Amino acid sequence: MRQSTLDIDDLRRRRSLVITRQEAAQALGVDPRTITVGIEEGTIPSVKLGRRVVIPREKFLSLFADDTTAD
């Protein structure tokens with residue numbers, strides 16, 4: 001079993017605008033191919049920069065934001 005060295009909190013602390021498929025996969029504890037499928041299906045936001053595909057960090061993190069509010 002692969003040990004993840006990166007998690008969602010690590011991504012929140014970063015200042016970079018984008019993350020790689022590998023970083024997203026590590027943070028979620030999934031195979032990078034799963035991230036690729038999500039990008040292809042449109043469920044994970046991405047930007048193509050030349051031949052490279054990157055994931056906007058804030059948009060990615062917003063997929064996992066806690067939308068519940070206490071009234």
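So, Gly42: this glycine comes right after helix α3, and its phi is positive, near 90 degrees. Keep in mind that we're looking at a predicted model here.

Let's walk back into the helix from there. α3 covers residues 32-41. At its N-terminal end we've got a cap, and the residue doing it is Asp31. One of the side-chain oxygens of Asp31 sits 2.8 Å from the backbone nitrogen of Arg33.

Okay, now the faces of α3. Which residues are buried? That's Ile35, Thr36, Gly38 and Ile39. And why do those four end up on the same side of α3? Because the arc they cover around the axis is only 160 degrees. Flip to the other side of α3 and you find Arg33, Glu40 and Glu41, which are exposed. So Arg33 turns up twice: its backbone nitrogen faces that Asp31 oxygen at 2.8 Å, and the residue itself is exposed.

What do the buried residues of α3 pack against? Two elements: helix α2, that's 21-28, and strand β3, 52-56.

And β3 takes us to the sheet. The sheet is open, with three strands in the order β1-β3-β2, and the pairing is antiparallel. β1, residues 18-19, and β2, residues 47-49, are the edge strands, each pairing on one side only. Between β2 and β3, which run antiparallel, there are three bridges. If you want to pick one out on screen, go to Leu49: its bridge partner in β3 is Arg52.

So β3 is the one to click on: it pairs with β2 through those three bridges, and the buried residues of α3 pack against it.

Terms used: Residues numbered from 1 in each chain as written. Predicted model: local features only at pLDDT ≥ 70, side-chain atom pairs only at ≥ 80, totals over all residues. Heavy atoms only, no water. Buried < 20%, exposed > 50% of the residue type's maximum accessible area, 1.4 Å probe, protein only. Arc of directions from axis to C-beta. Contact = heavy atoms within 4.5 Å. Polar contact = N/O pair within 3.5 Å; in protein donor to acceptor, adjacent residues only side chain to side chain. Pairing = 2+ DSSP bridges.
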